[in-house]
Amino acid sequence: MTKVASKSSKTKKTTGAPTGKASAKGNASRKEAVRKDTLLTPETLPRPVMAGRDFLSNLDMTAAELRAVMDTAHSMKRGEWRGVKPLAGLSIALVFEKASLRTRTTFDVGMYQLGGHAITLSNTEIGLGTRERVSDVARNLERWVDAVMGRVYLQQTLQELAQHASVPVINGLSDMLHPAQLLADYQTIEEEFGTDLRGRRVVYIGDGNNLANSHIHMGILTGTDVTIVTPVGYEPNAGVLMDAVRAGVNITLTNDLAAIAGADVLYTDVWISMGQEAEADIRRRAFQGYQVTPEMLDTLAPDGIFLHCLPAHYGEETVPEATEHPKSRVFDQAENRLHAQKALMYHLMGDLKPRW
């Protein structure tokens, strides 16, 4: 087991909580419980803390800004923003190189609930870097919409979009990072353990992929004790580990499954991401023994929880009995994609005025 002592992230534009579980079945009762005196009005909305900036990494926000976004996400989930339309007249382009259920639905529905409009663009329609240069796509979109969300193969594509577009660009997923997912994940964790997560043990098991990288970034911001359990050769990105070194934060890297015992949060993701299908057989052999099972969940802390960003490849990184386990918060986590991303869009776009 090794320790990596691991923030600064540059943004192009300038101008930090409640508890309890919720599920789709609980939506009606949650809305009924909202007191009228807690409902926000246009005059009482919080100040957008990241107005006009890009969100390509969790380190594109400070700890204080993360706190503001998380507080907004919790407030939105409680129903306190009901009837408020702070993004009325604004629009966002949702650009997809990769297939999507949760990202597409939650950004689209979230923008609608905030009063704005979302337009979905598949790669067959735009052809990022093939039919058109990424820079040309950015220069076009910035003249029509107020923000761009990209779910793409390469982090470089998002960086190029952000470089050439004057409107906020949001990372909906790349090969390097999945920062919007981590906002929903930490909202779910806060619902269990409260807003002070310092010292809470978050253990990620599986491929050292974009999720593992973003968990390291969130450990930097929140003070959680992050452990990454991977087979040899599948560790997180070296540059992301250097982010932890520069921040003076300890990240534990190990291939010892015993590191799971007593964890507050156990998190996994698929072993074979989109675009890695040619490596499928090699990866399945490498990850034998890393499958999250109900027996593994029984070794967590008594109040420990299991998270998975979905979709799950059952029979590989986990089994249905784990996502349906009493310790699982997988579907609460999926619901929180809506609330966390609404909060993010508000804090990026809430100061913008309709351009027509």
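This passage walks through the predicted model from its overall form down to single residues.

Because the model is predicted, local features need pLDDT of at least 70 and side-chain atom pairs count only at pLDDT 80 or more, while totals for chains, interfaces and linings use all residues. Residues are numbered from 1 along each chain as its sequence is written, and side-chain values use heavy atoms, with hydrogens and water left out.

The protein chain holds 13 helices and 10 strands; helices (H or I, at least four residues) and strands (E, at least two) are DSSP runs, numbered from the N terminus. Its radius of gyration is 20 Å, close to the 21 Å that the globule rule gives for 356 residues, so the protein chain is as compact as a globular protein of that length. Here the radius is taken over C-alpha atoms, and the globule rule is 2.2 Å times the number of residues to the power 0.38. Along the principal axes, the C-alpha atoms fill a box of roughly 60 × 50 × 35 Å. Of the 356 residues, 60% are buried, where buried means under 20% relative accessible area, exposed over 50%, and partly exposed in between (1.4 Å probe, protein chains only).

Two helices make a good starting point. Helix H2 (residues 63-77) has 15 residues, which at 1.5 Å a residue should span 21 Å, and its end C-alpha atoms are indeed 21 Å apart; the expected span is 1.5 Å times one less than the number of residues. H2 is mostly covered, with 11 of its 15 residues buried; among them are Leu66, Val69, His74 and Lys77. After H2 comes Gly79, with a positive phi near 90°.

Helix H3 (residues 102-113) agrees with its expected span too: for its 12 residues this is 16 Å, and the end C-alpha atoms are 16 Å apart. Its buried residues are Arg102, Thr103, Thr106, Phe107, Gly110 and Met111. Viewed down the axis of H3, these residues fall within an arc of 135°, so they line one face of the helix; the arc is that of the directions from the helix axis to the C-beta atoms. The general background is that an α-helix has 3.6 residues a turn, so residues three or four places apart point the same way. The partners of this buried set are strands E2 (91-96), E3 (117-122), E4 (147-151) and E5 (169-173), together with helices H7 (179-193) and H13 (330-349), contact meaning heavy atoms within 4.5 Å. H3 is followed by Gly115, whose phi is positive, near 95°.

Strand E4 contains Val148, which is buried at a relative accessible area of 3%. Leaving aside neighbours within four places in sequence, Val148 is in contact with Ile92, Ala93, Val95, Leu141, Val167, Pro168, Val169 and Ile170. In strand E5 lies Leu173, a residue other than glycine with a positive phi, near 155°. Leu173 counts as buried at 8% relative accessibility.

Aromatic rings offer another view of the model, which holds 5 aromatic pairs. Rings of Phe, Tyr and Trp (its six-membered ring) pair if their centres lie within 6.5 Å; planes under 30 degrees apart count as stacked, over 60 as edge-to-face and the rest as tilted. Tyr234 and Phe287 form a tilted pair, 4.9 Å centre to centre with 55° between the planes. Tyr234 lies in the loop between strand E7 (225-229) and helix H9 (238-247) and Phe287 in the loop between helix H10 (280-286) and helix H11 (294-297), so the pair ties together parts that are 53 residues apart in sequence. Both Tyr234 and Phe287 are buried. Ring pairs link Tyr234, Trp271, Phe287 and Tyr290 into a cluster.

The loop between H10 and H11 also holds Gln288, which is exposed, with a relative accessible area of 54%. Gln288 and Gly206 are 82 residues apart in sequence, yet 9.9 Å apart in space, C-alpha to C-alpha.

A final stop is the loop between strand E10 (305-308) and helix H12 (320-323), where Pro311 is found. A cis peptide bond, with omega about 5°, joins Leu310 and Pro311. Leu310 lies in this loop as well and has a positive phi, near 65°, in a residue other than glycine. Leu310 is buried, with a relative accessible area of 14%.
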